[in-house]
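Thanks for coming, everyone. I would like to walk you through one structure, taking a few places in turn, and I will ask some questions as we go.

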Amino acid sequence: MRAMPTILHLDMDAFFASVEQASKPSLRGKPVIVGGLGARGVVATASYEARRFGVHSAMAMAHARRLAPNAAYLIPRFEVYRQVSDAVMALLRELSPLVEPLSLDEAFVDLAAGPYGQALEAEGAELARALGEDLRADIRDKVGLTGSVGLSTTKFLAKIASEQAKPDGLVMIDAGREREVLDALPVRALPGVGPATEETLRRAGLAMVSDVAALPQEELVHLLGRAHGAGVHELALGRDNRPVVAERDAKSVSVEDTFEVDLLDRDHIVGELERLADRCVRRLRAAGRSGRTVVVKIRRFDFSTLTRSETLPAPTDDPLVIAQMARRLLDSVELLGGIRLLGVGVTGLADWTQEDLFAQALREGMEEEAEEAEEEQEPAYGGPGAVRAFHPGGELSARRWAPGQDVEHTEFGHGWVQGSGVGRVTVRFETPVSGVGRVKTFPVDAPELSSADALPLLGSA
């Protein structure tokens with residue numbers, strides 16, 4: 001345990017919803033809920049205004065709509081959130097090279113390892129507090145958002161402090177006050193104590209962290225097992241020697257989708273699987289990794305969940321190989337009754353690939369089949385000089401617009417979709433710096449309206 005509170009934990013406040021409010025002036029100060037908008041969607045983040053109605057993350061979106069029917073319900077815009085996150089993480093790295101991101105909106109920082117390390121030894125805890133306050137001000141200036149900061153002598157106490165600081169505050173737990181703070185907390189506040197462990201401790205009469213700390217470690221080991229019991233006891237005493245680790249090596253890369261309506265048609269299921277495999281490969285390559293084991297996850301209509309996997313002799317990031325393996329794994333599962341969820345993942349990661357002769361042979365075989373099919377095919381429209389009788393692949397159906405989506409209009413400029421239906425789409429035209437904008441309604445196929453990239457928040461670009 002450190003002699004000074006030099007571990008900082010930053011947790012951005014209602015991050016996704018706050019980004020949406022900063023992007024859309026008309027939503028500032030109003031309840032905003034971000035997540036999946038379908039019948040099976042869940043809440044990713046709710047603004048503090050929405051939380052007053054009882055809405056919280058991981059809640060079913062249908063339940064959220066009943067609690068807050070007049071809130072703004074928006075799709076997530078992960079690319080925007082990542083850009084803002086990158087700007088915030090850059091500010092953290094100015095404080096120390098040891099920054100451990102936990103998610104887009106949360107990270108630990110070891111202040112003692114940074115440029116203020118020696119000054120902290122000389123000036124003490126008040127300098128750590130000043131650095132935390134300066135960080136909060138810099139985040140507000142850089143991206144227009146608020147974050148809560150916790151400072152303490154250990155990682156898990158710094159996280160507890162940031163929870164106590166919410167929203168938009170700073171709490172510091174000084175050296176020597178660790179037990180004082182912990183003893184007043186319920187056992188669920190300890191890392192590793194989930195619902196099952198909490199129930200086990202409750203049945204033993206251990207409701208507060210102080211109860212666990214007072215118990216001999218041997219009795220806790222008897223209740224929870226040797227490793228878990230010893231670890232929980234150490235944390236209850238305020239002991240946490242985990243360092244801040246700058247790079248956390250990913251063990252797998254995966255993507256999955258839950259469908260609003262169960263998928264019944266096999267060709268549709270295969271198409272969704274191939275789309276997921278492509279997304280997984282793009283994520284794998286963006287991380288500069290390859291993998292040996294392909295995993296397919298399937299949740300059926302009755303909520304039973306199956307996983308199937310297959311391992312290659314060497315790592316690959318070849319999209320053809322990964323998609324082909326995923327299809328083969330899918331073939332081993334009974335699909336009758338419908339599919340609620342599909343996922344594709346790659347494990348056994350490496351930072352290199354080996355020349356994949358299997359992929360090369362597979363690709364050459366597919367190219368030969370395509371050439372043969374092209375030679376045998378007759379022109380469906382009478383030849384290159386004739387007029388087409390139909391236009392396959394064209395935009396024959398109306399475009400779909402999602403609430404929160406960024407759009408551009410040739411006359412009115414940048415805006416976002418408020419809603420759409422019965423052949424019309426309603427757009428509010430505003431930017432992060434424009435003030436509340438005007439609202440216009442158009443046919444969903446209006447040629448002057450197109451999807452657009454998001455505009456940056458202040459200096460986040």
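Before anything else, a word on the naming: helices (H or I, at least four residues) and strands (E, at least two) are DSSP runs, and they are numbered from the N terminus. With that in hand, we can say that V422 sits in the loop between β14 (413-421) and β15 (424-429). Please keep in mind throughout that what you see is a predicted model.

Let me stay with V422 for a moment. Most residues other than glycine have a negative phi, and most peptide bonds are trans. V422 has a positive phi of about 45°, although it is not a glycine. Is V422 buried or exposed? With a relative accessible area of 85%, V422 is exposed, because the cut-off for that word is over 50%.

The strands on either side of this turn, β14 and β15, form a hairpin with 2 residues between them. They run antiparallel and are joined by 5 bridges, and one of the pairings places G421 opposite its bridge partner in β15, R424. On from there, β15 is joined by 6 bridges to strand β16 (residues 438-443), and these two also run antiparallel; here V427 has K440 of β16 as its bridge partner.

Next, the aromatic rings. How many aromatic pairs does the count come to? The count comes to 8 aromatic pairs, and I will show you two of them. F16 and F78 form an edge-to-face pair, with 5.7 Å from centre to centre and 85° between the planes. This pair links distant parts of the chain, since F16 belongs to helix α1 and F78 to helix α4, 62 residues apart. F16 itself is buried, with a relative accessible area of 13%. The other pair takes us back to the strands we have just left: F429 and F442 are also edge-to-face, at 6.0 Å centre to centre and with 85° between the planes. F429 is in strand β15 and F442 in strand β16, 13 residues apart. At 7% relative accessibility F429 counts as buried, and F442 is buried as well, with a relative accessible area of 6%.

F16 and F78 also belong to one aromatic cluster, which is formed by F15, F16, F78 and Y81, and this brings us to the two helices. Two packed helices are described by the angle between their axes and the distance between the axes. For helix α1 (residues 15-23) and helix α4 (residues 78-95), the angle is about 95° and the axes are 10 Å apart, which makes α1 roughly perpendicular to α4. Which residues make the contact? From α1 they are F15, F16, V19 and E20, and from α4 they are F78, V80, Y81, V84 and S85. By class, this contact has 7 nonpolar, 1 polar and 1 charged residues.

Looking at α1 on its own, 9 of its 9 residues are buried, so this helix is largely enclosed by the rest of the structure. Its buried residues pack against β1, β2 (32-35), β3 (43-46), α2 (48-51), β4 (72-74) and α4.

Strand β1 leads us into a sheet. This is an open sheet of 5 strands in the order β5-β6-β1-β7-β8, with mixed pairing. Its edge strands are β5 (99-103) and β8 (170-172), each of which pairs on one side only, and neighbouring strands are turned by 15° against each other on average, direction ignored. Strand β7 (residues 147-152) runs parallel to β8 and is joined to it by 3 bridges; L151 has M172 in β8 as its bridge partner. Helix α7 (residues 155-165) lies across β1 (7-12), β5, β6 (106-110), β7 and β8, and runs at about 140° to β7.

Within β1, let me point out D11, which is buried, with a relative accessible area of 8%. D11 and A107 are 96 residues apart in sequence, yet 6.9 Å apart in space, C-alpha to C-alpha. Among the residues that D11 touches are D105, G147, S162 and K166.

Finally, K166 takes us to one more unusual spot, as the peptide bond from K166 to P167 is cis, with omega near -10°. P167 lies in the loop between α7 and β8, and D168 is found in that loop too. D168 has a positive phi of about 60°, although it is not a glycine, and at 31% relative accessibility D168 counts as partly exposed.

Notes. Residues are numbered from 1 along each chain as its sequence is written. This is a predicted model: local features need pLDDT of at least 70, side-chain atom pairs count only at pLDDT 80 or more; totals for chains, interfaces and linings use all residues. Side-chain values use heavy atoms; hydrogens and water are left out. Axes are lines fitted to C-alpha atoms, for helices over the stretch in contact, and angles run from 0 to 180 degrees between N-to-C directions. Angles under 35 degrees count as roughly parallel, over 145 as roughly antiparallel, 65 to 115 as roughly perpendicular and the rest as oblique. Contact means heavy atoms within 4.5 Å. Ala, Val, Leu, Ile, Met, Phe, Trp, Tyr, Cys and Pro count as nonpolar, Asp, Glu, Lys and Arg as charged, and the others, Gly among them, as polar. Two strands pair if DSSP finds at least two bridges between them. Buried means under 20% relative accessible area, exposed over 50%, partly exposed in between (1.4 Å probe, protein chains only). Rings of Phe, Tyr and Trp (its six-membered ring) pair if their centres lie within 6.5 Å; planes under 30 degrees apart count as stacked, over 60 as edge-to-face and the rest as tilted. Lists of a residue's contacts leave out its neighbours within four places in sequence.
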